[in-house]
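Reader: Could you walk me through this structure, one feature at a time? I would like the reasoning along with each value.

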Amino acid sequence: MAHILAPSLLSADFAELRKAVELIEESEAGWHHLDVMDGVFVPNISFGLPVIKAIRKHARKPFDVHLMIVDPDKFIGAFRDAGADHLTVHLEACPHLHRSIQAIRAAGMKAGVAINPHTRVDLLEEVLADVDVVCLMSVNPGFGGQKFIERTYAKITELKALRERTGSKALIEIDGGVGMENAGKLVNTGADVLVAGNSVFGAHDPKAAIRSLA
Ligand code: DX5
Ligand code: ZN
């Protein structure tokens, strides 16, 4: 499978975050996925800037930071300074999405846009050519360990067609409920990046889990 695996630290033991980062570094995984939640855009709070800054020192692979927060524009520079390489904002949280994408790129990061399960893929049409990563949420954001939404396969197919039509080079990232049972089908359908939280850090042997998902 020619794709990137991005383990989500949300499912790691937060008392041992450094060890989780080191495990990802030593594994076949390509990126670290970091879920930032504010308790407003999503009904949960995770971690933020100082935590990302602290663990960045122990990583060389890219930090793929997924912002599940309202008004992300306010923090673009701060996340860059904390060590984000890719910054993903939610379409649903950005009334001026085009401006947010430009600001992320101007700050020197790859720009990602995430869409919730209820959001239509074609709403990305006007920005897709300027985006580096599209994150299709395959669960409702806020929690790890939820059940994969099957409709995601159709959204991947729609997004591939839209990518072609707009001349975009955006990677298609799938986030939520990814595991051994669906990883192969997701990649065959067109996923370029798989995020995996529970299926990695909930596994008896996280390194072996990464190896089989990567
Ligand atoms: C959900 C987060 C995901 C989450 C995925 O809001 O965006 O990145 O960590 O976790 P799993 O793989 O357990 O569904
Ligand atoms: Zn995420």
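Author: Happy to; the questions below cover a metal site, some helices and a few single residues of this predicted model.

Reader: Let's begin with the metal. Which residues coordinate the zinc ion (ligand 2)?

Author: The donor atoms lie at 2.0 to 2.3 Å from the zinc ion (ligand 2). They are NE2 of one histidine, ND1 of another, and OD atoms of aspartates. In sequence the spacing of the donor residues reads H-x1-D-x30-H-x108-D. The coordinating residues are His33, Asp35, His66 and Asp175.

Reader: What geometry does the site of the zinc ion (ligand 2) have?

Author: Here it helps to start from the ideal: six octahedral donors have angles of 90 or 180 degrees. The zinc ion (ligand 2) has 6 donor atoms, with angles of 70 to 168 degrees among them. For six donors, opposite ones must be over 155 degrees apart and all others between 65 and 115. The site is classed as octahedral.

Reader: How many residues apart are His33 and His66, and are these two buried or exposed?

Author: His33 sits in strand β2 (residues 32-37) and His66 in strand β3 (residues 63-68), so the pair, 33 residues apart, links distant parts of the chain. Buried means under 20% relative accessible area, and His33 has 0%. His66 also comes out at 0%, so His66 is buried.

Reader: On to the helices. How do the axes of α5 and α6 run relative to each other?

Author: Two packed helices are described by the angle between their axes and the distance between the axes. For helix α5 (residues 152-166) and helix α6 (residues 180-189), the axes come within 9 Å and cross at roughly 20 degrees. Angles under 35 degrees count as roughly parallel, so α5 and α6 are roughly parallel.

Reader: What is the handedness of that crossing, and which residues of α6 meet α5?

Author: The crossing of α5 and α6 is right-handed. From α5, the residues that take part are Tyr153, Ile156, Thr157 and Lys160. Their partners in α6 are Asn182, Lys185, Leu186 and Thr189.

Reader: Which elements do the buried residues of α1 pack against?

Author: Helix α1 covers residues 17-25, and its buried residues are Leu17, Ala20, Val21, Leu23, Ile24 and Glu25. Arg18 is also found in helix α1, but Arg18 is partly exposed at 46% relative accessible area. The buried residues of α1 pack against β1 (4-7), β2, α2 (49-56), α7 (198-201) and α8 (206-213).

Reader: Lysines often catch my eye. Is Lys61 buried or exposed, and which residues does Lys61 touch?

Author: Lys61 belongs to the loop between α2 and β3. Its relative accessibility is 16%, which is under 20%, so Lys61 counts as buried. Leaving out residues up to four places away in sequence, Lys61 touches Ile24, Glu25, Ser27, Glu28, Ala29, Gly30, His32, Arg56 and Asp85.

Reader: And Lys169: buried or exposed?

Author: Lys169 is placed in the loop between α5 and β7 (171-175). The C-alpha atoms of Lys169 and Ile101 are separated by 15 Å, with their positions 68 residues apart along the chain. Exposed means over 50% relative accessible area, and Lys169 has 74%, so Lys169 is exposed.

Reader: Which residues is Phe143 in contact with, beyond its neighbours within four places in sequence?

Author: Phe143 lies in the loop between β6 (133-137) and α5. At 41% relative accessibility, Phe143 counts as partly exposed. Leaving those sequence neighbours aside, the contacts of Phe143 are Leu10, Met37, Pro43 and Asn44.

Reader: One backbone question to finish. What is the phi of Asp71?

Author: Most residues other than glycine have a negative phi. Asp71, in the loop between β3 and α3 (76-82), is partly exposed at 40% relative accessibility. Its phi is positive although Asp71 is not a glycine, and the value is near 50 degrees.

Note on methods:
Residues are numbered from 1 along each chain as its sequence is written. Chains are lettered from A and ligands numbered from 1 in the order in which they are written. This is a predicted model: local features need pLDDT of at least 70, side-chain atom pairs count only at pLDDT 80 or more; totals for chains, interfaces and linings use all residues. Side-chain values use heavy atoms; hydrogens and water are left out. Donors are N, O and S atoms within 2.8 Å of the metal (3.2 Å for Na, K and Ca); water is not among the atoms, so sites may look incomplete. Four donors count as tetrahedral if all angles lie between 85 and 135 degrees; four count as square planar and six as octahedral if opposite donors are over 155 degrees apart and all others between 65 and 115; anything else is irregular. Helices (H or I, at least four residues) and strands (E, at least two) are DSSP runs, numbered from the N terminus. Buried means under 20% relative accessible area, exposed over 50%, partly exposed in between (1.4 Å probe, protein chains only). Axes are lines fitted to C-alpha atoms, for helices over the stretch in contact, and angles run from 0 to 180 degrees between N-to-C directions. Angles under 35 degrees count as roughly parallel, over 145 as roughly antiparallel, 65 to 115 as roughly perpendicular and the rest as oblique. A crossing is left-handed if the near helix is turned anticlockwise from the far one by less than a right angle, and right-handed if clockwise. Contact means heavy atoms within 4.5 Å.
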